[in-house]
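Trainee: I would like to go through this model step by step, from the overall layout to single residues.
Mentor: Then put the chain on the screen and ask.

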Amino acid sequence: MNTYFTLWHYAAITLMTLGLIALIIMTLRKENEKYKFSIIFTYILAALGFMFGAILIIDSYTKKITLSDVKDTRFLPTEKIFFTGYVSNSGNYTIGEVSVEIKIVNRDTPELEGKPAYQSNAFAELIGDKGVKPSYLVVTEVVATNLKPGHRKEFRIIMRHPPYFKGYTKYIRAFGQ
């Protein structure tokens, strides 16, 4: 069973729902109010916005994940990169799904208007490569489910290494849901 919500999530949603119901009842009891339904619609939109914000804030305090011992090894015969490491739950609540996102960027990439892109050279165009190749790859995988507080789990992620990369810089982050 994946548990996204904690006790704090349920409490926030319950309080917001009770407040919304109270506001709707007070609006419906007014006799001379002309725009009752537009006011109720506004209350519903505001409550949904507050619930979404509350869930994000609660997530930032309850889902704390740390990465450790992350290593990468490039396997040349198959042009793959193997990433291994550990994810740990350093918070006080169970995390339903822990995902790791790995982004590799070509080291030889010039920045073009804020977006890195690999421009093919004249020789590559001569042999038929006329496109622009991406200068980065992103892989996101779920590496643990129902990670209890204080526990850690090993992960392995395999991703391809483009042959036109002249090396890579890696960016790794973990997040919970």
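The questions below move from the fold to the helix pair, the core and a few residues.

Mentor: Before you start, note that this is a predicted model, in which local features need pLDDT of at least 70, side-chain atom pairs count only at pLDDT 80 or more, and totals for chains, interfaces and linings use all residues. Residues are numbered from 1 along each chain as its sequence is written, and side-chain values use heavy atoms, with hydrogens and water left out.

Trainee: In what pattern do helices and strands follow along the sequence of the protein chain?
Mentor: Helices (H or I, at least four residues) and strands (E, at least two) are DSSP runs, numbered from the N terminus. The protein chain has three helices and nine strands. Read along the sequence, their pattern is α-α-β-β-β-β-β-α-β-β-β-β.

Trainee: Are helix α1 and helix α2 roughly parallel or antiparallel to each other?
Mentor: The axes of α1 (residues 7-29) and α2 (residues 36-62) come within 10 Å and cross at roughly 165°. Axes are lines fitted to C-alpha atoms, for helices over the stretch in contact, with angles from 0 to 180 degrees between N-to-C directions. Angles under 35 degrees count as roughly parallel, over 145 as roughly antiparallel, 65 to 115 as roughly perpendicular and the rest as oblique. The pair is therefore roughly antiparallel.

Trainee: By class, which residues make up the contact of α1 with α2?
Mentor: Ala, Val, Leu, Ile, Met, Phe, Trp, Tyr, Cys and Pro count as nonpolar, Asp, Glu, Lys and Arg as charged, and the others, Gly among them, as polar. On that scheme the contact has 18 nonpolar, four polar and two charged residues.

Trainee: Is M51, in helix α2, buried or exposed?
Mentor: M51 is in contact (heavy atoms within 4.5 Å) with I13, M16 and T17, leaving aside neighbours within four places in sequence. Buried means under 20% relative accessible area, exposed over 50%, and partly exposed in between (1.4 Å probe, protein chains only). The relative accessible area of M51 is 16%, so M51 is buried.

Trainee: Which elements give two or more residues to the largest nonpolar core?
Mentor: A nonpolar core is a set of buried Ala, Val, Leu, Ile, Met, Phe, Trp, Tyr and Cys residues joined through side-chain atoms within 4.5 Å. The largest one has 20 residues, and V87, V98, I104, I157 and M159 have the most contacts inside it. The elements are β2 (80-89), β3 (95-106), β7 (136-147) and β8 (152-160).

Trainee: Which residues does S88 touch, not counting those up to four places away in sequence?
Mentor: S88 is found in strand β2. With a relative accessible area of 14%, S88 is buried. The residues touched are K64, I65, T66, L147, H151 and R152.

Trainee: What is the phi of N146, which is not a glycine?
Mentor: Most residues other than glycine have a negative phi. N146 is found in strand β7 and is partly exposed, at 23% relative accessible area. Its phi is positive, about 50°.

Trainee: And where is D69, which also has a positive phi of about 50°, placed?
Mentor: D69 counts as partly exposed, at 47% relative accessibility. Its place is in strand β1 (residues 65-75).
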